[in-house]
Amino acid sequence: MSTNVLSASSKSEIGGVVGEYFWKCENQQLRIAYEILGKGSQLLLLPAFSTVSMRSEMGEIGKLLSAHFQVVAVDWPGFGQSSRFGVNYGPALYQQFLEDFVTSILDTPVAVVAAGHSAGYVLQLANQLPSVFSRIVLVAPTWRGPLRVMGVNQQVRGMVKDLVRSPFIGQFLYKLNTLPSFLKFMYRRHVYVDGAKLTPDFIQYKWRNTQQSGARYAPAAFVTGTLDPVDNQADFLTLVQGLSIPLKVVIGESSPSKSRADMDAMKTLSGVETVVLPGSLGMHEEYPQAVVDAVQDFLLST
C-alpha cells in the first residue's frame with residue numbers, strides 16, 4: 001500500500017473545504033474524501049463504522065470545535081464519499097490507511113476524536129507510533145461488530161459476509177437491510193435515544209448514503225465482525241494501558257449492555273479520564289453539544 005498527494009475537492013458534508021486523498025490498496029487507487037473546517041492546530045475526527053458511516057455524523061462536533069481547531073473529518077475507505085471498491089476490508093487495511101493518512105495529510109502530533117470502532121484503530125496506531133497523536137478522545141468506543149455481539153459464531157459470520165458480497169443474493173440482502181424502515185428500527189434500537197430525532201428526512205439522508213455503487217462491501221465486513229480491531233476485551237484494555245498519550249473516554253449511558261460493559265471496563269484503568277453522558281452508540285451525532293462540553297477543555301489543555 002502506498003500514498004499519493006492531495007487533489008481536488010467535491011461535495012461538502014459539514015460546511016468545510018473538501019479534499020481528496022488518493023491511496024493505493026490491492027493494486028487499486030482508492031479516493032478518500034475528507035473535509036477541513038476552521039483554523040488552528042489540527043484535530044482529526046473519525047466516524048464510527050456502521051452501515052451508514054460517513055463523516056457528516058461528526059459534523060456538529062466539528063462545527064463546534066472549529067472555533068479552536070482546524071478540524072479534519074474523513075470518510076473511511078468503503079464508506080461515505082470515499083471509494084467503495086470490493087477490496088478485502090479488514091483490520092490490516094484500516095490500520096495501514098489510518099497510519100498513512102495521519103502521517104501524510106496531518107501535522108503530527110495531532111489530537112483526535114474517534115467514535116465507535118474507530119477507537120481500536122486509534123489505540124493501535126498510538127501504541128505503534130506514540131508521536132502521531134497528542135490527545136485522544138474516544139466516544140462510545142466499541143470493538144465487536146453487531147453479529148459478534150449477538151453471539152453468532154465465526155463460521156456463520158463468514159458465510160453471511162460472503163453472501164452479502166456475492167453479485168445477486170448479496171445485493172438483495174443488502175437492499176433488505178438498508179430499507180428506510182429497517183434503518184430507523186436499528187437507529188431506535190441502539191444508536192439514538194430520542195426517536196423524535198429520526199425524522200423522514202434524516203432517515204432518507206442516511207438511506208441515500210447506503211445506495212452508492214459498491215456500498216455493501218465494507219458494511220458487510222463491519223456487521224460480521226471482520227473489522228473488529230481486536231479479538232477480546234482484554235486485548236482492547238491492553239491497548240489502553242499501553243498508551244503514553246492523554247486519553248478521555250465518553251460513555252453513552254444508554255449503550256447496549258455488552259458495549260456498555262466494555263466501556264465501563266475502561267473506567268477501572270489508571271490514567272484514563274471518563275465521563276458518562278446521555279446517549280447510546282450514536283451519541284456523537286445525537287448529542288454533539290454535550291460531548292463537546294465534556295471534552296473541549298481536555299483537548300485544549302497542553
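Contact means that heavy atoms lie within 4.5 Å. The exercises below concern a predicted model.

**Exercise 1. Contacts of Ile136**

Determine which residues Ile136 is in contact with, leaving aside its neighbours within four places in sequence.

Solution.
Step 1. Val112, Val122 and Ala126 are among the residues in contact with Ile136.
Step 2. Leu243, Ile245, Pro246, Leu247 and Lys248 are also in contact with Ile136.
Step 3. Phe298 completes the list for Ile136.

**Exercise 2. The nonpolar cores**

State how many residues the largest nonpolar core has, and which of them have the most contacts inside it.

Solution.
Step 1. The largest nonpolar core has 83 residues.
Step 2. The residues with the most contacts inside this core are Leu44, Tyr94, Phe101, Phe133, Ile136 and Leu299.
Step 3. Helix 2 (residues 91–105) supplies the largest share of this core, namely 7 residues.
Step 4. A second core, separate from the largest one, has 8 residues, including Val52, Leu183, Leu198 and Phe202.

**Exercise 3. Arg55 and Glu35**

Explain why the salt bridge between Arg55 and Glu35 ties together parts that are apart in sequence, and decide whether Arg55 and Glu35 are buried or exposed.

Solution.
Step 1. Side chains of opposite charge can pair when their charged atoms come close.
Step 2. In the salt bridge of Arg55 with Glu35, the closest N and O atoms are 2.9 Å apart.
Step 3. Arg55 lies in the loop between strand 4 (42–46) and helix 1 (59–65), whereas Glu35 lies in strand 3 (residues 28–37), so the pair ties together parts that are 20 residues apart in sequence.
Step 4. Both Arg55 and Glu35 are buried.

**Exercise 4. Asp228 and Arg148**

Locate Asp228 and Arg148, and classify each by its relative accessibility, Asp228 and Arg148.

Solution.
Step 1. Asp228 and Arg148 meet through their side chains in a salt bridge, at 3.0 Å from N to O.
Step 2. Asp228 is found in the loop between helix 9 (217–223) and helix 10 (233–241), and Arg148 in helix 4 (residues 146–149); the pair therefore ties together parts that are 80 residues apart in sequence.
Step 3. Buried means under 20% relative accessible area. Asp228 counts as buried because its relative accessibility is 6%.
Step 4. Arg148 has a relative accessible area of 22% and is therefore partly exposed.

**Exercise 5. Arg260 and Asp264**

Describe how Arg260 and Asp264 are separated in helix 11.

Solution.
Step 1. A salt bridge joins the side chains of Arg260 and Asp264 (2.9 Å, N to O).
Step 2. Arg260 and Asp264 are 4 residues apart in helix 11 (residues 257–267), so about one helical turn separates them.
Step 3. Asp264 is partly exposed, because its relative accessible area is 26%.

Terms used. Residues numbered from 1 in each chain as written. Predicted model: local features only at pLDDT ≥ 70, side-chain atom pairs only at ≥ 80, totals over all residues. Heavy atoms only, no water. Salt bridge = Lys/Arg side-chain N within 4 Å of Asp/Glu carboxyl O. Helix = DSSP H or I, 4+ residues; strand = E, 2+ residues; numbered from the N terminus. Buried < 20%, exposed > 50% of the residue type's maximum accessible area, 1.4 Å probe, protein only. Core = buried A, V, L, I, M, F, W, Y, C linked by side-chain atoms within 4.5 Å.
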